[in-house]
Amino acid sequence: MQVFIMRHGEAEMYASSDAKRELTEQGRQDVANMGLQLAKQIDTLDYALVSPYMRAQQTWQVLKDILPACKQVIPMEELIPSGDEVSVAGLIEELAREHTDANIIVVSHLPLVGYLVEALCPGAGSPLFSTAAIAQVDLNEEPTLVAVTHPYMLNN
């Protein structure tokens with residue numbers, strides 16, 4: 001199973017609450033660029049686990065028009081910034097046992113995205129995530145952090 005853990009795109013600084021912050025135009029563009037790059041790597045998308053916060057939902061809305069059609073979208077309260085990486089990792093590991101060849105994308109926030117990588121790959125540590133960055137974790141055999149790609153790394 002391949003798991004792609006993505007931090008939402010750049011969001012506006014202020015809103016009536018943190019949960020309601022929306023993506024900036026640059027954030028949408030970065031997400032689209034990262035989505036195009038990811039679409040080159042995968043033929044199928046089995047699951048999308050998405051934070052309920054506005055900027056994560058908007059990130060998913062951009063991605064879903066670029067990536068292969070997703071078989072199941074699962075909104076998860078556990079994916080908010082102060083969420084529970086242990087329960088999210090548990091769900092991902094359960095899905096990996098049931099569907100070994102599946103592709104999953106997780107759209108969440110700092111600091112949870114780093115903690116989630118660390119929970120899935122204990123030896124990898126917690127990588128840095130710029131906005132719209134994607135970490136690829138291979139859960140086949142030994143869990144491995146394959147790469148972390150940031151928007152600024154792409155040649156546009």
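A15 lies in the loop between strand 1 and helix 1, where helices (H or I, at least four residues) and strands (E, at least two) are DSSP runs numbered from the N terminus. A15 is partly exposed, with a relative accessible area of 37%; buried means under 20%, exposed over 50% and partly exposed in between, for a 1.4 Å probe and protein chains only. Leaving aside residues up to four places away in sequence, A15 touches K20 and R21, contact being heavy atoms within 4.5 Å.

The model is predicted, so local features need pLDDT of at least 70 and side-chain atom pairs count only at pLDDT 80 or more, while totals for chains, interfaces and linings use all residues. Residues are numbered from 1 along each chain as its sequence is written, and side-chain values use heavy atoms, with hydrogens and water left out.

Two helix pairs come next. Two packed helices are described by the angle between their axes and the distance between the axes. Axes here are lines fitted to C-alpha atoms, for helices over the stretch in contact, and angles run from 0 to 180 degrees between N-to-C directions.

Helix 1 (residues 25-39) and helix 2 (residues 54-64) have axes that come within 9 Å and cross at roughly 45°. Helix 1 and helix 2 are therefore oblique to each other; angles under 35 degrees count as roughly parallel, over 145 as roughly antiparallel, 65 to 115 as roughly perpendicular, and the rest as oblique. The crossing of helix 1 and helix 2 is right-handed, meaning that the near helix is turned clockwise from the far one by less than a right angle (anticlockwise would be left-handed). On the helix 1 side, R28, V31, A32 and G35 meet Q58, T59, V62 and L63 of helix 2. This contact has 4 nonpolar, 3 polar and 1 charged residues, with Ala, Val, Leu, Ile, Met, Phe, Trp, Tyr, Cys and Pro counted as nonpolar, Asp, Glu, Lys and Arg as charged, and the others, Gly among them, as polar.

Further along the chain, helix 3 (residues 85-98) packs against helix 4 (residues 112-120) at an angle of about 50°, with the axes 9 Å apart. This pair is therefore oblique as well, and the crossing of helix 3 and helix 4 is right-handed. E85, V88, A89, I92 and E93 in helix 3 meet L112, Y115, L116, A119 and L120 in helix 4. The residues of that contact comprise 8 nonpolar, no polar and 2 charged.

Within helix 4, the buried residues are L112, V113, G114, L116, V117 and L120. Their cover includes helix 3 together with strand 1 (2-7), strand 4 (103-108), strand 5 (134-138) and strand 6 (144-149). In the loop between strand 4 and helix 4 sits P111, and the peptide bond from L110 to P111 is cis, with omega near -5°.

Beyond helix 4, two loop residues other than glycine have positive phi: A132, near 70°, and E141, near 60°. A132 belongs to the loop between helix 4 and strand 5 and is buried at 0% relative accessibility. E141 belongs to the loop between strand 5 and strand 6 and is exposed, with a relative accessible area of 80%.

V148 is in strand 6. Its C-alpha atom is separated by 9.1 Å from that of I5, 143 residues apart along the chain. Not counting residues up to four places away in sequence, V148 touches P127, L128, I134, A135 and M153.
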